[in-house]
Amino acid sequence: MNHSLRHWKEAATLIVAAEQRLSAGSVTSRTLGKLGTQHLPHSSCFDYNILLLKRSGKSGFMPNAYVFPGGLVDSSDFSIEWLDIFRSFSSNPCLGLRHVKQNADTRPPIFATDRLKLGSPIPGEVAFRICALRETFEESGVLLVVPKTDEKRLLKNKGGTTHQGINDICSEELKKWRSLVIKSPSNFIRMCRELEVLPNIWALHEWSNWLTPEGRYGGRRFDTAFFICCLKEIPHTLQDQKEIELFQWSTPTEVLQSYEAEEFWIAPPQFYELSRLCQFPSLNDLHHFASERAIEGCEQWLPVITVEKDHHISLLPGDKLYPVNVSESSMGHDRSSALHRMVIADSYHIRLQINITPKYKHVLPVLPLSSKSLL
């Protein structure tokens with residue numbers, strides 16, 4: 001990690017994709033073929049929805065924005081008490097922790113590998129997942145945990161199948177624990193111990209790592225790990241009228257179309273990632289890609305904002321104008337002609353200009369034909 005960024009607030013967010021049944025006659029990814037940069041797939045092509053939460057208008061950071069669930073890393077996410085929780089599930093102590101850590105040891109440095117809290121035995125690979133799961137529960141009531149009865153299946157498959165979720169915790173019990181966790185993040189540990197469940201760190205796959213650019217969103221800057229999780233069904237949610245005003249499940253195309261119609265606002269990282277998800281109308285395809293690609297690692301992206309005429313341009317690593325002192329990445333492309341940027345006309349109009357090859361076997365966003373003409 002860049003030591004000059006240590007003053008930034010570290011956070012984790014979770015892209016939750018949940019399966020929905022396609023209507024009769026809907027097109028699947030098998031009939032779409034390779035999307036490339038041809039067009040955004042129609043909403044009916046998707047067999048899953050993405051969870052978005054609307055932040056309160058009183059929030060000090062991106063008020064009224066629609067975001068993926070997530071929040072700040074807490075010291076309790078690194079608590080040594082998690083060792084006892086994992087030990088209580090397995091005759092092989094810390095097997096779950098070791099599985100995640102082993103993946104980290106076989107790839108290039110990524111966002112969590114060197115984020116080890118001083119004095120804590122919990123690796124950053126695990127703590128950031130716990131944070132994403134805890135914050136998702138706090139903000140939406142979606143609890144992604146593994147009951148003790150599923151331990152053998154989970155550890156045998158090593159999270160290789162789409163997360164099923166659990167439905168045997170009653171609504172009142174969830175409300176009680178959610179209230180306690182909101183009051184104190186350390187109660188997430190207590191909840192897992194008393195309910196005999198594990199946070200399902202195996203269902204989360206590393207997706208990306210975004211840093212807040214300088215001078216944006218009120219000056220608060222975050223170093224945020226993005227994870228993705230694929231669910232077989234839409235999980236139980238709990239409405240929150242405080243930090244989060246409402247939630248909704250929509251396809252990536254629906255979100256992008258609503259944003260462009262100025263029906264609600266999403267931040268540039270969400271725009272980029274939702275455009276990437278448009279490469280995968282099938283939940284199974286998305287899950288397979290995310291789980292296989294995650295072992296490659298993630299690149300840390302710090303957008304650099306420049307102004308050109310009446311547009312703001314958000315330069316990303318690999319672009320020919322991206323400062324080499326920030327990142328020396330060439331993304332496998334000739335820097336003299338490389339484009340990797342977001343052209344921001346105003347809050348509701350973003351155009352992607354991209355011709356680079358992504359690192360770590362990732363995919364590029366699907367570009368509408370209007371954007372393709374800009375390359």
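A residue counts as buried under 20% relative accessible area, as exposed over 50%, and as partly exposed in between. Keep these cut-offs in mind for the legends below, which describe a predicted model.

**Figure 1. Asp 84, a partly exposed residue of helix H2.** Let's start with a residue that puts the cut-offs to use. Asp 84 sits in helix H2. Is Asp 84 buried, exposed or partly exposed? Its relative accessible area is 45%, which lies between 20% and 50%, so Asp 84 is called partly exposed. Now look for Ile 189: along the sequence, Asp 84 and Ile 189 are 105 residues apart, yet their C-alpha atoms are 10.0 Å apart in space.

**Figure 2. The whole chain, for orientation.** Before moving on, here is the setting for the close-ups. The chain holds eleven helices and 14 strands. Of its 375 residues, 55% are buried. Take the contacts between residues at least 6 apart in sequence: 72% of these join residues at least 24 apart. The chain exposes about 16,600 Å², and carbon and sulfur atoms supply 50% of that area.

**Figure 3. Helices H6 and H7 side by side.** Helix H6 covers residues 171-183 and helix H7 covers residues 187-195. Their axes come within 8 Å and cross at roughly 150°. Why is H6 called roughly antiparallel to H7? Angles over 145 degrees count as roughly antiparallel, so the crossing at roughly 150° earns that name. On the H6 side, the contact is made by Glu 173, Trp 177, Leu 180 and Val 181. On the H7 side, look for Asn 187, Phe 188, Arg 190, Met 191, Glu 194 and Leu 195. Sorted by class, the residues of this contact are six nonpolar, one polar and three charged. The crossing of H6 and H7 is right-handed.

**Figure 4. The buried residues of helix H7.** Which residues of H7 are buried? They are Asn 187, Phe 188, Ile 189, Met 191 and Cys 192. Their cover includes helix H2 (81-87), helix H4 (124-140), H6 and strand E6 (197-199). Just after H7 comes Glu 196, with a positive phi near 55°.

**Figure 5. Helices H8 and H9 packed together.** Helix H8 (residues 252-260) packs against helix H9 (residues 268-277) at an angle of about 140°, and their axes are 9 Å apart. That angle makes H8 oblique to H9. The crossing of H8 and H9 is left-handed. From H8, the residues Pro 252, Val 255, Leu 256, Tyr 259 and Glu 260 meet Phe 271, Leu 274, Ser 275 and Leu 277 of H9. By class, this contact has seven nonpolar residues, one polar and one charged. An α-helix has 3.6 residues a turn, so residues three or four places apart point the same way. Buried in H8 are Pro 252, Thr 253, Val 255, Leu 256, Ser 258 and Tyr 259. After H8 you will find Glu 262, whose phi is positive, near 60°.

**Figure 6. Ile 266, in the loop between H8 and H9.** Where is Ile 266? Its place is the loop between H8 and H9. Ile 266 has a relative accessible area of 0%, which means that it is buried. Leaving aside residues up to four places away in sequence, Ile 266 touches Tyr 66, Val 255, Leu 256, Tyr 259, Phe 271 and Leu 274. For one last landmark, find Tyr 348: Ile 266 and Tyr 348 are 82 residues apart in sequence, and 8.2 Å lies between their C-alpha atoms.

Terms used: Residues are numbered from 1 along each chain as its sequence is written. This is a predicted model: local features need pLDDT of at least 70, side-chain atom pairs count only at pLDDT 80 or more; totals for chains, interfaces and linings use all residues. Side-chain values use heavy atoms; hydrogens and water are left out. Helices (H or I, at least four residues) and strands (E, at least two) are DSSP runs, numbered from the N terminus. Buried means under 20% relative accessible area, exposed over 50%, partly exposed in between (1.4 Å probe, protein chains only). Contact means heavy atoms within 4.5 Å. Accessible areas come from the Shrake-Rupley method with a 1.4 Å probe; for residues, only the protein chains shown count as cover. Axes are lines fitted to C-alpha atoms, for helices over the stretch in contact, and angles run from 0 to 180 degrees between N-to-C directions. Angles under 35 degrees count as roughly parallel, over 145 as roughly antiparallel, 65 to 115 as roughly perpendicular and the rest as oblique. A crossing is left-handed if the near helix is turned anticlockwise from the far one by less than a right angle, and right-handed if clockwise. Ala, Val, Leu, Ile, Met, Phe, Trp, Tyr, Cys and Pro count as nonpolar, Asp, Glu, Lys and Arg as charged, and the others, Gly among them, as polar.
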